[in-house]
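Q: I have just opened this entry and would like to understand one part of it properly. Please take a close look at that part, then lead me on from there through its wider setting.

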Amino acid sequence: MPNSKILFDDVKRKIRIQYSGLVLGIFTWIFLFLYHTTLRFSIHGLYDTYIFSSIRYFYAVLLYWVPIPLLHIFIVILAICVTKFIRGLVLRKINITTSILQAINFAGWLYFLFYFLWGIHYFRPSLSETLKLSQVIQDSVILIQEMQSVTDSVNAVRERISSDTSALNPHRIYKSDAHHIAQIEQKILNSWNIPATQSIRIRKLKPDGFLLRFSTAGFYWPYIGEGHIDGGLHVLQWPFTNAHELAHGYGITDEGECNFIGLMTCIQSHDNFIQYSGWLTYWKYLYFEILKQNIHTGKIIYGALIPGVKNDLKEIRQNNDRYPDILPELRDIVYDTYLKQNNVQAGLQSYNQIIDLKLRYDKTFKH
């Protein structure tokens, strides 16, 4: 009888282990459905204030000071687990049914942890709702007026940095810039009642061009609580991309909102170089939007740039050309689908919402 009880307990333990991830995955899916439809506003404040802030505190206290990127440790651990799994399957130490259960269990855990650690923010109130931004009809007249204003800002900041018309090639200390950017962004988000008090590490990722070959300058990895910037990114793009990924770290999931926060962070800096990175990136979004409407107008506006800015844009383009895209269509389909399934209805087009948010913010707070 004791042996039967031991055997029964062992079977229950194995079932709990093999099915725990599946159960958590199903629970997460049901919770997200309810959260999106009925619980969105009531639970968001609780999660953001207590759970997510505690997660960020844990990262800041225990993991922020790790000298090497946590992504490397994550990849090593994942590789060990996958190798062990494949080895057991090949040597037939585990049968097919058990291996399938283990794979499902692992996937369920990843799915649960993704949303628990960060992904639930995809269903948070939008930034425009939080800030109660006024509506703006984005017609060609407003776009051109904004473009002219931003062109003036780009030219002015570039002149303050250097009157030399050749492309800038500044030698910047990345860590000091990142610390300064983080201080500004924390101040901005806290003023908007978005908790942003803990330190977040944004690492430069090697090898150079690994992300750029997938048309990506950076990304945030929720499992380790760190953001990453491609090491091959042109130095003029560092500050804006850093601020963008930092916003992800504070729970902003929408790409357009992160772009907007990145812009606001950069242009509020006292450092002309960081300001320039923000204005130049925003100028490019406006420029390509106007080109889609009227190529002739776009060419006229481009002609209003001073030679130094034009050479900087050329240098950035040449740097990016060193890392040609790998399967760009597939990347766009996968990421667009991912965003839309996570409540970002605009998909990849959400990046361009930086324009709408900037116009609405200016109308709300500057008039």
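A: Let's start with the loop between β1 (202-205) and β2 (218-221), where Pro-207 lies. This is a predicted model, so please read every geometric value here as computed from predicted coordinates. The peptide bond that joins Lys-206 and Pro-207 is cis, with omega at about 0 degrees. Further along, the loop between β1 and β2 also holds Ser-215. The phi angle of Ser-215 is near 55 degrees, a positive value in a residue other than glycine. Ser-215 counts as partly exposed because its relative accessibility is 37%, which falls between the 20% limit for buried and the 50% limit for exposed. If you are checking backbone torsions, then, this loop offers you an omega at Lys-206 and Pro-207 and a phi at Ser-215.

A positive phi turns up in another loop too. Lys-132 lies between α4 (127-131) and α5, and its phi is near 55 degrees, again in a residue other than glycine. With a relative accessibility of 65%, Lys-132 counts as exposed.

Now for the setting of these loops. The protein has 13 helices and three strands. Its C-alpha atoms fill a box of roughly 90 × 45 × 40 Å along the principal axes. Of its 367 residues, 46% count as buried. If you take the contacts with a separation of 6 or more, 76% of them come from residues 24 or more positions apart.

The Lys-132 loop leads to α5, so let's follow that helix, bearing in mind that two packed helices are described by the angle between their axes and the distance between the axes. Helix α5 (residues 140-161) and helix α13 (residues 353-365) have axes that come within 12 Å and cross at roughly 85 degrees. The two helices are therefore roughly perpendicular to each other. On the α5 side the contact is made by Ile-142, Leu-143 and Glu-146, and on the α13 side by Ile-355, Lys-358, Leu-359 and Asp-362. Sorted by class, that gives four nonpolar, no polar and three charged residues.

Another partner of α5 is helix α11 (residues 307-321), packed at an angle of about 95 degrees with the axes 9 Å apart. This angle, too, makes α5 roughly perpendicular to its partner, α11. Here Val-154, Asn-155 and Arg-158 of α5 meet Gly-308, Val-309 and Asp-312 of α11. The class count for α5 with α11 is two nonpolar, two polar and two charged residues.

Helix α10 (residues 295-303) brings us back to α5 from another direction. Its residues Thr-297, Gly-298 and Ile-301 are buried. Viewed down the axis of α10, the buried residues fall within an arc of 100 degrees, so they line one face of the helix. That buried set packs against α5 and α9 (272-293). On the other side of α10 you will find Ile-295, His-296, Lys-299 and Ile-300, which are exposed. At the start of α10, a side-chain oxygen of Asn-294 comes to within 3.0 Å of the backbone nitrogen of His-296.

Two buried residues elsewhere are worth a click in your viewer. His-180 sits in helix α6 (residues 174-191), and it counts as buried because its relative accessibility is 15%. Setting aside neighbours within four places in sequence, His-180 is in contact with Ser-269, His-270, Asp-271 and Ile-274. Ala-243 belongs to helix α7 (residues 238-249), and it is buried with a relative accessible area of 0%. Not counting residues up to four places away, Ala-243 touches Ile-181, Glu-185, Gly-262 and Thr-265. The C-alpha atom of Ala-243 is 23 Å from that of Gln-318, 75 residues apart along the chain.

For contrast, finish at Leu-330 in helix α12 (residues 328-341). Leu-330 counts as partly exposed, at 48% relative accessibility. Its C-alpha atom and that of Ala-196 are separated by 35 Å, with their positions 134 residues apart along the chain.

Technical notes: Residues are numbered from 1 along each chain as its sequence is written. This is a predicted model: local features need pLDDT of at least 70, side-chain atom pairs count only at pLDDT 80 or more; totals for chains, interfaces and linings use all residues. Side-chain values use heavy atoms; hydrogens and water are left out. Axes are lines fitted to C-alpha atoms, for helices over the stretch in contact, and angles run from 0 to 180 degrees between N-to-C directions. Helices (H or I, at least four residues) and strands (E, at least two) are DSSP runs, numbered from the N terminus. Angles under 35 degrees count as roughly parallel, over 145 as roughly antiparallel, 65 to 115 as roughly perpendicular and the rest as oblique. Contact means heavy atoms within 4.5 Å. Ala, Val, Leu, Ile, Met, Phe, Trp, Tyr, Cys and Pro count as nonpolar, Asp, Glu, Lys and Arg as charged, and the others, Gly among them, as polar. Buried means under 20% relative accessible area, exposed over 50%, partly exposed in between (1.4 Å probe, protein chains only). The arc is that of the directions from the helix axis to the C-beta atoms. A polar contact is a pair of N or O atoms within 3.5 Å; within protein, one must be able to donate a hydrogen and the other to accept it, and residues adjacent in sequence count only if both atoms are side-chain atoms.
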